[in-house]
Amino acid sequence: GLFVWHLKNTGIRQIPCQFVHLCRVANDRLITFQYFNFLKRMYVTQYNKDLSQRAKPKSDSVASPFRELQQFDREKKVVHKIRPISPVHQPLSEMPSRNALRQMKSAAKTEDSVTPVRAESKDHRQWKEMKLRLDDMPGILARLSKIKLTALVVSTASAGFAMAPVPFDLTCFLLASLGTGLASCAANSINQFFEVPFDSNMNRTKNRPLVRGQISPLLAVCFAASCGVPGIALLTLGVNPLTGALGAFNIFLYTCCYTPMKRMSIANTWVGAVVGAIPPVMGWTAATGSLDAGALLLGGILYSWQFPHFNALSWGLREDYSRGGYCMMSVTHPGLCRRVALRHCLALIGLSVVAPVLDITTWTFPVISLPINLYISYLGFRFYRDADRSSSRKLFFCSLWHLPMLLLVMFTCKKSFLEKEDKGDLLGGNHGRAMEIRLP
Amino acid sequence: PPAHSRNDWIGPPDKHSNLRPVIFYVPPKESPLERRLREARQEAQACDQRFWARHNRAFCQEKEEFIYSRLKAKGLEMRDETGQKATLNAEEMADFYKDFLSKNFRKHMQYNRDWYKRNFTITFLMGQVALARALRWLRWKKKNVGN
C-alpha cells in the first residue's frame, strides 16, 4: 500500500503538500511521479533550505525579480493602452494601474510562490496575541520541524534501506523511517531555535514560527526533545544500536557543529554535506546492521550531490548572507564555490561507476545514469564558467530532479542478492560433483 | 494590545532591525522568578534591536556608498535617463558583500556568543517559570479537591 498524507496549513491558503511514503518497493514508478509533483510544488511554494536539506525553496529573492518582470509586462501593456486615448479620459489612468495590480495578482496566483507571500504579508503587519492556539499547532510544528525537508531526508534513508543487499523487512523499514523522521524533526527544530534573529533578517526564513512568535522557545525545545528522544530510542532499540548512534551523531553534527559554524567559517558547507550523507547510511545500517562499502558509497553520492545543490542555491542569496553574517563560499570565495560544485558533479559520475564494482548494482547503472550525470556536470560547468544567476538557478533546479532520478535508476539496477546466492550454490554444486568424479 | 489581554503581544517586523517587538504582559501577582524572566526578555529584545538596527543601517549606507563610488568610477550617474535608480549587477556587488562580511566578522562573533548565552538563559528561565506554575496549579488543585 501507498500512504499519501496531505498536510494543509490552516488559515492561510497554501498549496497542500503531499509526501509519499513507500511501503512496497514495487511502486517506485508511482513514487517518481509523486516525488516530482511534490518537488515541483515545494519549489513553487515557499520553502526553506539549509545545507542538509535536499530541497531548497524558491526563495523570495528569487521570486521577486520574476514578479517585477511580470509587472513590467503588464505596465508596458497598460502604457500602450493609454496613449491612443485622448487626455479627457484621464480617470482611466488610475484604472489601468489597479488593473495592472489585479493582473499581477492573478498572474501571481498562478505563480504559486507569490500568493502565500501576499497572504502572509498582510498577517505580518498586524499585532498578534502570543497565545497557544492548539488548532494551529500541527501547522506550526510542521514548519518548525521543516516537515518537507524531513520527508526528503526520510526518503533518502529509505533509498539506503532499499539498496541494501538483504531481504526486505517491512517492520524494520517502517521503524527506521519513523526513527529517522523523528530525529530529523528534532534537529530542524533545534536549528530554528538557535537562529531566530538571523532568520528574521533573511528573506527566505523570516516566516518561521519562532520568528513570528507563534511558539515559544521553551515549547520548541520541548518539541525537539519529544521527537529526538523517542526517535533515537526507536532506532537504537527497534532497529539496531549502530543506526541509533548514527542518528544521534547526525543530530549533534547538525545542531552543534553545522549551525554555529555557519557563522564562523566556510567549512560549514562540508560539515553540512556529511549531515546530508548520513541518512542513507542509516538506512543501509538499519537493513544490514553493519557499515559496508555500499553504505559509504551511498553516503558518498549524497555527499557529492550536496555541493552543486547548495552552492548553486547560495549564489542567489549572497546579499542576505552577507548582511546576516553567514560565512558562505558564495560570498567569501566565489571561485572556490563554483569549482567545488563542478568537481562534485564530476565525482557523481565516478561514484556511479564504483557502484557495480562494489557489487551493489549491475553495470547498467553507470551506463543509464551517465546521461543525467553528464547533464548536471554540464550545468555545473556552465555555472563555473558563467557565474551568473541563470546558470546557478539552472544547476539548482536540475539538482532537484537529478537526485531522485539517480536513486531510482540505482534501485532498478540493484544487483539482486538472489542472483549472488544462486551463483554461490552453483559453484558449491560443481565442487561436489567434481569431488565425486575424482573418487574412484 | 487591548487592556484586558493577559498575554504578550508580538508585532510586525521593525523597519530597521527586522525583529518583531514584543509587548510583555505584567501579571498583577508576578513572582520574582517571573519578573526575572520578563526583564531578561526585555533586555534581550533591546540588545537585539540595537544591534540589528545599527547593523542593517550600516549595511544600507555602505551599499549606497559602494554603488555611488563604482558608478562614478564608470562615469555614470546615480539615476539614468528614465529616472530609475542605477544599480550594479550581482557580480559587481559581490565584492561589496565579501568586504562587508569580513569587516563585520568580529562583531558577529561577539554577537553570536551573546545571543547564544541569552537564548539559553531565557529558555531555562521559561522552563523554571513553567515548572513553578505547574506546581502551583497542582497545589491549588489538591487544596480544592481537599475542600
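**Notebook: core, sheet and annotated spans**

I looked up A:Met410 and found contacts (heavy atoms within 4.5 Å) with A:Met163, A:Leu297, A:Leu298, A:Ile301, A:Ala355, A:Thr361 and A:Phe365, leaving aside residues up to four places away in sequence. The model is predicted, with local features needing pLDDT of at least 70, side-chain atom pairs counting only at pLDDT 80 or more, and totals for chains, interfaces and linings using all residues. Residues are numbered from 1 along each chain as its sequence is written, chains are lettered from A and ligands numbered from 1 in the order written, and side-chain values use heavy atoms, without hydrogens and water.

I then examined the largest nonpolar core (buried Ala, Val, Leu, Ile, Met, Phe, Trp, Tyr and Cys residues joined through side-chain atoms within 4.5 Å; buried means under 20% relative accessible area, with a 1.4 Å probe and protein chains only). This core has 104 residues, and A:Tyr321, A:Leu395 and A:Met410 have the most contacts inside it. Helix H12 (residues 293–315) of chain A gives the largest share, eleven residues; a helix is a DSSP run of H or I of at least four residues, and a strand a run of E of at least two, numbered from the N terminus. Domain 1 (135–275) and domain 2 (292–416) of chain A, with bounds from an automatic or database assignment, both contribute, so the core lies between them.

I next recorded an open, antiparallel sheet of three strands, ordered S3(A)-S1(B)-S2(B); strands pair if DSSP finds at least two bridges between them. Within it, A:Lys128 stands opposite B:Ile10 in S1(B).

Note on methods
Buried < 20%, exposed > 50% of the residue type's maximum accessible area, 1.4 Å probe, protein only.
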